[in-house]
Amino acid sequence: MNRLEDVRNIVDKLLDRMMDRVEMRCGFVHLYGVSATAVLIARTRGLDEEIAAVAGMLHDLVSYETGDPTHHGLRSAARARHILRSTKSFSDEEIDTICSAITHHSEKDVVHGPFEELLKDADVLQHDIYNPAIDAHPRHRERRERLRRSLQAPS
Ligand SMILES: [Fe+2]
């Protein structure tokens with residue numbers, strides 16, 4: 001077992017409690033999807049892949065747990081801090097990095113630091129690769145187009 005798997009086991013147990021099967025599926029797909037996408041982006045940017053993966057796993061957790069997306073960045077960050085402290089395997093600095101990325105991940109039209117931007121990009125890219133036929137939220141379109149261009153094959 002390692003730290004990322006510890007976090008994934010905690011998230012699995014929390015999502016397993018959800019009564020709505022469709023929302024539960026969305027939770028698993030999106031949180032694991034953003035986590036994997038965050039690793040991919042971290043690899044291209046020379047950022048810590050494990051920290052990126054953990055941030056992805058926890059970034060929307062409160063929305064799925066409560067069904068209420070209000071201020072979910074801030075609320076999921078508080079939830080993440082509690083979960084990460086409970087594992088006793090993350091430093092305060094790592095927890096601050098993860099929680100800052102989660103806090104700001106919905107502010108897609110503002111530019112923050114490397115991990116905040118990584119999580120925003122992973123969030124947008126996961127939605128895009130889950131179903132490219134679904135249009136992006138208007139505030140996410142510019143970011144999605146930039147990400148798509150960065151993945152284009154060289155001509
Ligand atoms: Fe998300």
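Axes here are lines fitted to C-alpha atoms, for helices over the stretch in contact, and angles run from 0 to 180 degrees between N-to-C directions. The model is predicted: local features need pLDDT of at least 70 and side-chain atom pairs count only at pLDDT 80 or more, while totals for chains, interfaces and linings use all residues. Residues are numbered from 1 along each chain as its sequence is written. Helices (H or I, at least four residues) and strands (E, at least two) are DSSP runs, numbered from the N terminus.

**Stop 1: α3 and α7**

Select α3 (49-58) and α7 (114-130). Two packed helices are described by the angle between their axes and the distance between the axes. For α3 and α7 the angle is about 55° and the axes are 10 Å apart. That makes α3 oblique to α7; angles under 35 degrees count as roughly parallel, over 145 as roughly antiparallel, 65 to 115 as roughly perpendicular and the rest as oblique. The crossing of α3 past α7 is right-handed (the near helix is turned clockwise from the far one; left-handed means anticlockwise by less than a right angle).

Now show the side chains at this contact. Ile51, Ala52, Ala55 and Gly56 of α3 meet Phe115, Leu118, Leu119 and Ala122 of α7. Two residues are in contact if their C-beta atoms, placed from the backbone, lie within 7 Å. By class, seven residues of this contact are nonpolar, one is polar and none is charged. Ala, Val, Leu, Ile, Met, Phe, Trp, Tyr, Cys and Pro count as nonpolar, Asp, Glu, Lys and Arg as charged, and the others, Gly among them, as polar.

**Stop 2: the rest of α3**

Keep α3 selected. Eight of its 10 residues are buried, so α3 is largely enclosed by the rest of the structure. A residue is buried if 20 or more other C-beta atoms lie within 10 Å of its own, exposed if 12 or fewer, and partly exposed in between, with C-beta atoms placed from the backbone. The buried residues are Ile51, Ala52, Ala53, Val54, Ala55, Gly56, Met57 and Leu58. They pack against α1, α2, α4, α5, α6 and α7.

Glu50 also belongs to α3, but it counts as partly exposed because it has 15 C-beta neighbours inside 10 Å. Leaving out residues up to four places away in sequence, Glu50 touches Arg3 and Leu4. Its C-alpha atom is 7.2 Å from that of Val39, 11 residues apart along the chain.

**Stop 3: α2**

Val39 leads to α2, where it is one of the buried residues. Helix α2 covers residues 21-45, 25 residues in number, and reaches 36 Å from its first C-alpha to its last. That is close to the 36 Å expected at 1.5 Å a residue, the expected span being 1.5 Å times one less than the number of residues. Other buried residues in α2 include Gly27, Leu31, Val34 and Ser35. The buried residues of α2 pack against α1 (3-16), α3, α4 (61-66) and α7. Just after the helix, select Gly46, which takes a positive phi of about 70°.

**Stop 4: α6 and α7**

Select α6 (92-104) and bring back α7. These two helices pack at an angle of about 50°, with their axes 8 Å apart. They are therefore oblique to each other, and their crossing is right-handed. On the α6 side the contact is made by Thr97, Ser100, Ala101, Ile102 and His104, and on the α7 side by Phe115, Glu116, Leu118 and Leu119. Five of these residues are nonpolar, three polar and one charged.

Cys99 lies in α6 too. With 21 C-beta neighbours inside 10 Å, Cys99 counts as buried. Apart from neighbours within four places in sequence, Cys99 is in contact with Ala77, Ala80 and Arg81. Cys99 and Ser35 are 14 Å apart, C-alpha to C-alpha, and 64 residues apart in sequence.

**Stop 5: two loop residues**

Most residues other than glycine have a negative phi. Select His71, in the loop between α4 and α5 (72-87): its phi is positive, about 45°, although it is not a glycine. His71 counts as partly exposed, with 14 C-beta neighbours inside 10 Å.

Then select Lys88, in the loop between α5 and α6. Its phi is near 55°, again a positive value in a residue other than glycine. Is Lys88 buried or exposed? Lys88 is exposed, with 7 other C-beta atoms within 10 Å.
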